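Notebook open, coffee poured. I want to look up how some helices pack and what lines the empty spaces.

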Amino acid sequence: MALSVKKPKGTADVVPSKSYMWHTVEKITSETAQQFGFKEIRVPTFEDTGLFVRSVGETTDVVQKEMYTVTATGDSQFTLRPEGTAGVMRAMLENGVVNEGFPQKVYYILSCFRHENVQAGRLREFHQFGCEMVGTASPRADAEVIALAKTVLDRVGLRNIELNINSIGCPECRAKYHQALKEYFSARKDELCHTCQERLEKNPMRLLDCKSPEDQAIAKDAPLILDYLCDDCKAHFEKLKEYLTEMGIQFTVNPRIVRGLDYYTRTVFEFITTEIGAQGTVCGGGRYDGLIGELGGAQTPALGFGMGLERLLLVMQKQECDFIEDKKCDLYIATMGEAAVRKALSLTTALRDEGFFVEYDLVERGIKPQMKYADKIGARFVIVLGDNEIESGSAKLKNMATGEQKDITLGEGFIDAFTQEMVNEMFSGLEDELGGIVGKDGV
Ligand code: ATP
Ligand code: MG
């Protein structure tokens with residue numbers, strides 16, 4: 001049967017058998033952020049359109065071409081968030097979090113929406129793990145935020161990820177640099193794409209981030225921001241490099257990174273892999289010392305990053321990283337007849353209260369299909385309850401891995417006896433593992 005409605009282009013479903021992959025990255029990212037002292041923040045999926053226009057920047061690709069904007073009946077214009085930072089800063093200001101002592105450190109896992117050309121690693125709804133630190137201009141903070149991203153990438157098991165860093169200066173050095181860029185690009189204005197011709201006056205740095213191959217070729221020989229940094233920005237960048245080196249974090253200075261959002265100042269960075277094609281930036285971030293002031297707060301330095309979780313998962317799968325698998329069912333209770341069902345219900349309730357993962361037949365099937373189902377869900381143990389078992393107060397407990405069967409009471413001692421069996425099973429699993437290790441070392 002052909003489905004009459006399908007998912008929108010550029011979106012993805014996560015089917016139940018694959019959700020453990022997302023749980024793995026959600027667990028590792030949030031636990032690592034918490035270990036660095038970051039607390040979770042949650043914000044709305046849509047915001048006033050003006051928030052993104054002001055913060056991401058009018059001349060960026062995101063604002064010019066990629067935003068999903070809706071007008072509700074009435075007046076306001078809303079936009080589905082294309083990124084996390086703007087809404088998070090808005091929320092921190094609106095809730096007074098920025099007045100609660102510095103630094104404030106927050107993290108989030110959220111969906112973002114951009115109307116892009118869909119490709120592998122480039123979706124229209126995607127997810128970011130992001131971290132933001134507010135209230136510190138110190139290069140230590142830059143190193144700390146980069147270290148957090150790096151720790152996450154290490155902990156999910158990624159290899160061959162390269163850290164590129166750059167400084168794009170403060171408004172003061174940027175003014176001189178803009179002048180130099182304008183002069184450089186003006187000489188070849190006619191060869192630039194239409195959008196870039198328009199951007200040339202307002203925001204010439206955007207030309208460096210243009211995706212058109214012709215413009216990229218022209219931008220290759222453009223002046224480099226690092227040659228225009230003021231003394232303070234230079235010193236900040238030098239300190240950052242020193243701290244990264246001290247932390248044992250390898251990096252490459254790449255003077256061509258400018259990032260796609262306008263709010264960045266000084267440090268920008270990207271973690272890049274070459275293993276998933278052109279969309280290799282797994283994580284991007286930097287400092288945005290002017291953003292909070294721009295949104296109406298007191299001038300407050302801040303910085304952060306966004307990590308694309310779909311891209312992260314693509315690389316993890318490509319590199320065969322380990323995932324934390326879903327827990328398996330401890331006990332499946334197969335039943336024949338109403339008396340057995342009643343017993344199964346009371347046993348299940350008691351076992352679940354003790355923390356065990358228990359299932360029983362909900363489809364009213366025969367024993368054979370129930371056993372098949374228990375096998376399919378990977379149940380560790382199965383008991384079969386019928387009239388005989390209810391009458392005798394005892395049943396066979398089958399270990400599904402070994403096929404071994406044992407009598408188990410269905411009375412008072414049931415929970416203790418089952419707990420003991422689970423402990424034995426865990427130990428035998430451990431012994432197997434240890435035996436394997438001992439065997440490998442030849443001890
Ligand atoms: P790109 O240069 O790849 O377009 P960007 O500069 O637009 O990236 P950011 O706005 O900095 O990206 O977002 C941070 C991260 O979010 C990116 O490094 C990437 O991992 C992820 N990301 C951005 N856009 C998408 C998308 N359309 N689909 C999937 N992931 C994305
Ligand atoms: Mg982009």
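**Entry 1: helix 2 against helix 4.** I started here, and helix 2 and helix 4 turn out to be roughly perpendicular to each other. The angle I got is about 110°, and it falls in the 65 to 115 band that counts as roughly perpendicular. Their axes sit 9 Å apart, with helix 4 covering residues 85-94. A reminder to myself: this is a predicted model.

Who touches whom? On the helix 2 side I noted Leu 51, Phe 52 and Ser 55, and they meet Ala 86, Gly 87 and Arg 90 of helix 4. Sorted by class, that contact has three nonpolar residues, two polar and one charged.

**Entry 2: helix 5 against helix 9.** Next I pulled up helix 5 (residues 139-155) and helix 9 (residues 231-246). They pack at about 45°, axes 8 Å apart. Helix 5 and helix 9 are therefore oblique to each other. I also checked the hand: helix 5 passes helix 9 in a right-handed crossing.

For the contact itself, I listed Pro 139, Arg 140, Asp 142, Ala 143 and Ile 146 from helix 5. Their partners in helix 9 are His 236, Lys 239, Leu 240, Tyr 243 and Leu 244. By class I have six nonpolar, one polar and three charged residues in this contact.

**Entry 3: the second largest pocket.** I looked up its volume and got about 490 Å³. The lining runs to 26 residues. Which of them lie nearest the centre? Those are Arg 174, Asp 262, Tyr 263, Tyr 264 and Thr 265. The elements giving two or more residues to this lining are helix 2 (49-56), helix 6 (171-186), strand 9 (265-272) and helix 10 (291-294). So helix 2 from my first entry shows up again, as one of the elements in this lining. The class split of the lining is 10 nonpolar, six polar and 10 charged.

**Entry 4: cavities.** How many cavities of 30 Å³ or more does the structure hold? I found one. The largest cavity comes out at about 40 Å³. Around it I wrote down Thr 60, Asp 61, Arg 199, Arg 206, Asp 209, Cys 210 and Gly 260. By class, that lining has four charged residues, two polar and one nonpolar. The charged ones are Asp 61, Arg 199, Arg 206 and Asp 209, while Cys 210 is the nonpolar one.

Key
Residues numbered from 1 in each chain as written. Chains lettered and ligands numbered in written order. Predicted model: local features only at pLDDT ≥ 70, side-chain atom pairs only at ≥ 80, totals over all residues. Heavy atoms only, no water. Axes fitted to C-alpha atoms, helices over the stretch in contact; angles between N-to-C directions. Helix = DSSP H or I, 4+ residues; strand = E, 2+ residues; numbered from the N terminus. Parallel < 35°, antiparallel > 145°, perpendicular 65-115°, else oblique. Left-handed = near helix turned anticlockwise from the far one by under 90°. Contact = heavy atoms within 4.5 Å. 1 Å grid on protein atoms, 1.4 Å probe; cavity = no way out; pocket = protein on both sides within 12 Å on 5 of 7 lines; lining within 4 Å. Points joined across faces, edges and corners; volume = space filled by probe spheres on them.
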